[in-house]
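Welcome! Take a look at the sequence and the model below, and then let us walk through a few of its features together.

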Amino acid sequence: MTDVTPQTPQPGMDAGPAKRLRVAAVGDLHVNDTTKGSYRALFEQVSDDADVLCLCGDLTNYGKTGEVENLLADLKACTIPMVGVLGNHEHECGQPEQVTRMLCDAGVKMLTGQAYEIDGVGFAGGKGFIGGFGRYMLSSFGEASIKAFVQEAVEDANGIENSIRMLRTERSVVLLHYSPVVDTVVGEPPEIHAFLGSSRLAETIDRYDNISLVVHGHAHRGAPEGRTNKGTPVYNVALPVLRTLGETPYRVFEV
């Protein structure tokens, strides 16, 4: 279990209960049409090891209704609160709203502009978007199609900021699918780093002092840990990355 020290709170924040919350996180399960019962044991185990479960997107392969139904059959074994975001794979079939609705109906608190407080810890975030990191981040220049692409990234980051702004908790966790820092995509081919996340997400996060940690998925061959420029811890909890760390198919943080 990773112990995360809260950052200096912003003025007016609610300290909440003094008790530390055990927050588990995993992403990139990629449940398909034939995946039945594969993750039931995971959800049973995490219910004993943590107080809250964060689901960081790409929970299905294509966002098909049958895939979501297979996922939800296993999720019934989870007895702790769940918070989630969609990944890019949930958009493939063109019905992300339906996937979100099915997950919400199953009790998952989906971050689509909302924020939630669970036992004194805030949860905010969203899917995120691509665009590159640092000096290599794509800028709004040139063709109209490039400007539209960058505008999509900006609007996505604004939506995540609105979610974070709703929180009044000293301790907060941000869920993403795409990475906010290059640190946690290192290990993937450099040629595709720009398609794995964006510094715009980290810039948004670094405007706030009450974020204890960030969790994301997507980069299957990335690194497990990194930090924003301000020093906020960032963890890649894609299942393929977690498998390189040991047998536990999720990561638990004390917040």
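Here follows a short tour of a sheet, a helix and the cysteines.

This is a predicted model, where local features need pLDDT of at least 70, side-chain atom pairs count only at pLDDT 80 or more, and totals for chains, interfaces and linings use all residues. Residues are numbered from 1 along each chain as its sequence is written, and side-chain values use heavy atoms, leaving out hydrogens and water.

**The sheet**

An open sheet is formed by six strands in the order β6-β7-β8-β9-β11-β10, with mixed pairing. Its edge strands, β6 (116-118) and β10 (225-227), each pair on one side only. From one strand to the next, the twist averages 25°. Helices (H or I, at least four residues) and strands (E, at least two) are DSSP runs, numbered from the N terminus; two strands pair if DSSP finds at least two bridges between them.

Strands β8 (residues 171-175) and β9 (residues 211-216) run parallel and are joined by four bridges. Leu175 has Val215 in β9 as its bridge partner. Helix α4 (residues 144-165) lies across β7 (121-125), β8 and β9, at about 165° to β7. Angles run from 0 to 180 degrees between N-to-C directions, with axes fitted as lines to C-alpha atoms, for helices over the stretch in contact (heavy atoms within 4.5 Å).

**The cysteines**

A disulfide is a pair of cysteine sulfur atoms within 2.5 Å, and the count here is zero. Buried means under 20% relative accessible area, exposed over 50%, partly exposed in between (1.4 Å probe, protein chains only).

| Cysteine | Closest cysteine sulfur | Relative accessible area |
|---|---|---|
| Cys54 | Cys56, 6.1 Å | 0%, buried |
| Cys78 | Cys54, 11 Å | 9%, buried |

For Cys54, the closest cysteine sulfur is too far for a bond.
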